[in-house]
Each structure stands twice: as C-alpha cells, then as structure tokens.
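Let's take a walk through a protein model together, one stop at a time. Please have the picture open beside you as you read.

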Amino acid sequence: MRIIITGGAGCLGSNLIEHWLPQGHEILVIDNFATGKREVVPALPGLTLIEGSIADRNLVASAFEKFQPTHVVHSAASYKDPANWREDIATNVDGTANVIDAARAAGAVRILNFQTVLCYGRPESAPIPVEHPLRPFTSYGISKVAGEQYLAMSGLPYVSLRLANVTGPRLAIGPIPTFYKRLKAGQGCFCSDAQRDFLDMSDFLAAVDLAMAEQAPTGVFNVSSGIGHSIKEIYDLVRSHLGLPADPDVKVVPVGDDDVPSVVPDPSRTRAAFGWQARVPFDETIRRLLAWYDAHGVSDVYSHLAAPKS
C-alpha cells in the first residue's frame, strides 16, 4: 500500500507507522506538530514527512498529487483548546474536506477516518450502539461529526472508526498520563465520576488492518471493548504500579458541563462485520502503558476538556 497518514506524528499515527513500515508499505505523513512529536517521524526508507496543516488546501492537494496514495488514514484532529472553535473548524471540517477532495483526485481506493465517541453526546443507553443519534455538544465533537458526515457523502469507499480510549505508546491525553505524571512528581490528584472504555493499542491495530483490507466492509463502526471502567480504577492502578499506598479518600468530583458521565461504545456491529473483538484485558492494557511510561516518560498531556473551575 501507499498510505498517507494525516496527523501521523500523533499517538495513533505513530503507532501505525511502526506497525506498517516494517511490512514494506510506503507512508507519507502530513502533520503540523500541534500535538504530535517530530521524533516519531524519523528519516527512514519508505517514510516521508510533509510539515503543515491539512487546513492548507494547496499543501494537501500537492502532497496527494505527488504521492498518489492507494489508501488514506485520516488521523489529524484539532482538540487541545476547547475554546478555539476556529481551529477546530479549520482542521476537523475544512481539513477533512481538503483530504476528501485530494483523495478523490488521486483515486485512493479506501479512506480510513478516526472519529471520537464524543460524537454521541450524552448517550441514552450503554453500551452505545453505533446507530445512536449524534448529539455532540463540544467544539471538538461538533467539528468531528461534521467531518465524518462530509466523508459519508463523498462517494469514497470509507470506514469511520468511532474509537474508545485507545491506550498505548505515546498516549498524551486522558487520565492515565495525567495520573502517572502528577503522582511521579508527588502532586495531588482528583478523579472525575466518569466511566470510560479503554482499548489496548494491539487491539486497535488489529481492527485497522481489517478495515484497510481490499474487500472489507465500509461505513461506520465502534471500536471498543464494550466494557466501562471508572477513572478511580485507573487512579488505583497507577498508584499500585508506582508502589504508592492505596488512597481510598481521593476526591471524586462530578463530571464537568463539557464532559459525559459514561462513554462505553457497543462494538457488536464491528464484531459481526469484521470478526474482530478486543482481546487484551483492562488491567493488562493499563499496565502495558505504565511500563512504557517507565521507559520513556510522559511529556505533554493534552485535554479536549476545559480546565475545572476552582
């Protein structure tokens, strides 16, 4: 395959590079390094980097025209400043339109999109079926839904994976890196009263391989374990991993106005269509990531949520 990965220097994109490059695929990464890391796109045979934003229509068109991808993985997303609507629109909506136009012109045979499960808003049931109405209420969620819906009407053969919390090397968002970094520094923590679905990186990569196959189904699919876990469970696992005593009195606060109490997607359609299911247990998923942090550390930690009010 000749694969363009937008946002290839982020957590998901960089793991895909490490997964696919040894298999002999040609990869072109487009990334502006707003949240990605330059060092994860090294100068290697078969790997090309273009620095820039997918909001730059000419840059995207030129990259696709020269590289002529067979496959596109659309992983780029703006999310780190919940108040910056313009950047979210530029990247997640206009940028997606630019990628669609360029993929169509290049004759790409498949485009794979990564979608946030915040697309469902505050769900009516759990686990959340993929047919659940889309009711995003944050800039990130709204703009990502718009991008996905433009992709659905593009006429391209596409798969949009609505992802649980994919957990693996270089994860820089959410409670796991936050707790690890703060507890290592001797800082205090609190837990939100929320439940989330955590998916091991190896299970995510297996789902992506199936979705990229030539005769694979198209459309929208949840990629998740289908099992919810509390943020307090994460906190307890991180403390245990670091050799710290249990903290039964840690403050547990209600979720903020821009957050959702429970986000647990239902993967049953994905299981039926692809024969895929999550295989790595929750505890092992978290401990694998914590071991990676032991070896490599945590640098930046981002969030799509507003800072809690003091």
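Before we set off, keep in mind that this is a predicted model. Our tour begins with helices that pack against one another. Two packed helices are described by the angle between their axes and the distance between those axes.

Start with helix α3, which spans residues 85-106, and find its partner α4, the helix covering residues 139-152. Their axes lie 9 Å apart and make an angle of about 15°. Angles under 35 degrees count as roughly parallel, and α3 and α4 are therefore roughly parallel to each other. The crossing of α3 past α4 is right-handed. On the α3 side, the residues in contact are Trp85, Asp88, Ile89, Asn92, Val93, Thr96 and Ile100. They meet Ser139, Tyr140, Ser143, Lys144, Ala146, Gly147, Tyr150 and Leu151 of α4. Sorted by class, this contact holds 8 nonpolar, 5 polar and 2 charged residues.

Now move along to helix α9, residues 282-296, which packs with helix α7, residues 231-241. Here the angle is about 50°, and the axes are 10 Å apart. With that angle, α7 and α9 are therefore oblique to each other. The crossing of α7 past α9 is right-handed. From α7, the contact draws on Glu233, Ile234, Leu237, Val238, Ser240 and His241. Facing them in α9 are Phe282, Asp283, Ile286, Arg287, Leu290, Ala291 and Asp294. In terms of class, 7 nonpolar, 2 polar and 4 charged residues make up this contact.

Stay with α9 a moment, and look for helix α5, residues 175-184. The axes of α5 and α9 come within 11 Å and cross at roughly 45°. These two helices, α5 and α9, are therefore oblique to each other, and α5 passes α9 in a right-handed crossing. From α5, the contact uses Ile176, Pro177 and Tyr180, while α9 supplies Ile286, Leu289, Leu290, Tyr293 and Asp294. By class, that gives 7 nonpolar, no polar and 1 charged residues. If some of those α9 names sound familiar, you are right: Ile286, Leu290 and Asp294 are among the α9 residues that meet α7, and they are also among those that meet α5.

Our next stop is in the loops. Most residues other than glycine have a negative phi, and most peptide bonds are trans. Where does this model depart from that pattern? Look at Phe33, whose phi is positive, near 60°. You can find Phe33 in the loop between β2 (26-31) and β3 (47-51). Then look at the peptide bond from Ala126 to Pro127, which is cis, with omega near -5°. Pro127 belongs to the loop between β5 (110-116) and α4, the helix we met at the start of the tour.

Finally, let's peek inside. How many cavities of 30 Å³ or more does the structure hold? There is 1, and the largest cavity encloses about 30 Å³ of space. Its lining is formed by Leu118, Gly121, Pro136, Phe137, Thr138 and Asp258. Taken by class, the lining has 3 nonpolar, 2 polar and 1 charged residues.

Definitions and conventions:
Residues are numbered from 1 along each chain as its sequence is written. This is a predicted model: local features need pLDDT of at least 70, side-chain atom pairs count only at pLDDT 80 or more; totals for chains, interfaces and linings use all residues. Side-chain values use heavy atoms; hydrogens and water are left out. Axes are lines fitted to C-alpha atoms, for helices over the stretch in contact, and angles run from 0 to 180 degrees between N-to-C directions. Helices (H or I, at least four residues) and strands (E, at least two) are DSSP runs, numbered from the N terminus. Angles under 35 degrees count as roughly parallel, over 145 as roughly antiparallel, 65 to 115 as roughly perpendicular and the rest as oblique. A crossing is left-handed if the near helix is turned anticlockwise from the far one by less than a right angle, and right-handed if clockwise. Contact means heavy atoms within 4.5 Å. Ala, Val, Leu, Ile, Met, Phe, Trp, Tyr, Cys and Pro count as nonpolar, Asp, Glu, Lys and Arg as charged, and the others, Gly among them, as polar. On a 1 Å grid over the protein atoms alone, a cavity is a set of points where a 1.4 Å probe fits but cannot get out, and a pocket is an open set with protein on both sides within 12 Å along at least five of seven lines; lining residues have an atom within 4 Å of a point. Grid points are joined across faces, edges and corners, and a volume is the space filled by probe spheres set on the points.
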